[in-house]
Amino acid sequence: MSFIAIVDLEVFYRVGITDEERAQPQRLLLTVDIKFDFTAAAISGRIGRTIDYYEVSQRLLKLGENRSWRLIESVATDVANKILSEFQPDSVTVEVKKFS
């Protein structure tokens with residue numbers, strides 16, 4: 001079992017407890033570790049046999065469009081659920097960095 005890490009992907013999401021804090025998108029950094037058996041992809045060299053980390057990144061960049069969250073814990077959960085449902089890895093770990 002191996003993993004792909006997308007480290008410090010810069011996204012702009014509306015997140016915060018107060019309406020004022022959520023009024024404008026804020027810069028967040030997402031790090032996701034995607035665990036998957038990449039053996040078939042490594043042997044074949046075919047992108048269709050792996051999880052396309054570029055596509056994961058593009059979906060995460062768009063995740064915040066027309067959405068807002070009160071807690072970064074909710075952001076982390078939604079990011080993990082999106083990756084799990086759309087890419088079917090064995091597991092995913094998400095770290096969210098928010099700057100005050």
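Here are legends for a few close-up views of this predicted model.

**View 1. Helices H3 and H4 cross each other.**
Let us start with two helices: H3 covers residues 53–63, and H4 covers residues 72–87. Their axes come within 11 Å and cross at roughly 135°. That angle makes H3 oblique to H4. The crossing of the two helices is right-handed.

**View 2. Side by side, H3 and H4 share a contact.**
From H3, the residues to look for are Glu55, Val56, Arg59, Leu60 and Leu63. They meet Asp78, Val79, Lys82, Ile83, Glu86 and Phe87 in H4. What mix of residues does the contact of H3 with H4 hold: nonpolar, polar or charged? Six are nonpolar and five are charged, with no polar residue in the contact.

**View 3. Strand E1 pairs with strand E2 and with strand E3.**
E1 (residues 2–15) runs antiparallel to E2 (residues 26–36), and ten bridges join the pair. One place to find this pairing is Tyr13, whose bridge partner in E2 is Gln26. With E3 (residues 68–69), E1 pairs in the parallel sense over two bridges. Here Arg14 stands opposite Ser68 of E3.

**View 4. Tyr13 and Trp69 form an aromatic pair.**
Searching the whole structure turns up two aromatic pairs. In the pair of Tyr13 and Trp69, the ring centres are 5.0 Å apart and the ring planes stand at 35°, so the pair is tilted. Tyr13 belongs to strand E1 and Trp69 to strand E3, so this pair ties together parts that are 56 residues apart in sequence.

Technical notes
Residues are numbered from 1 along each chain as its sequence is written. This is a predicted model: local features need pLDDT of at least 70, side-chain atom pairs count only at pLDDT 80 or more; totals for chains, interfaces and linings use all residues. Side-chain values use heavy atoms; hydrogens and water are left out. Axes are lines fitted to C-alpha atoms, for helices over the stretch in contact, and angles run from 0 to 180 degrees between N-to-C directions. Helices (H or I, at least four residues) and strands (E, at least two) are DSSP runs, numbered from the N terminus. Angles under 35 degrees count as roughly parallel, over 145 as roughly antiparallel, 65 to 115 as roughly perpendicular and the rest as oblique. A crossing is left-handed if the near helix is turned anticlockwise from the far one by less than a right angle, and right-handed if clockwise. Contact means heavy atoms within 4.5 Å. Ala, Val, Leu, Ile, Met, Phe, Trp, Tyr, Cys and Pro count as nonpolar, Asp, Glu, Lys and Arg as charged, and the others, Gly among them, as polar. Two strands pair if DSSP finds at least two bridges between them. Rings of Phe, Tyr and Trp (its six-membered ring) pair if their centres lie within 6.5 Å; planes under 30 degrees apart count as stacked, over 60 as edge-to-face and the rest as tilted.
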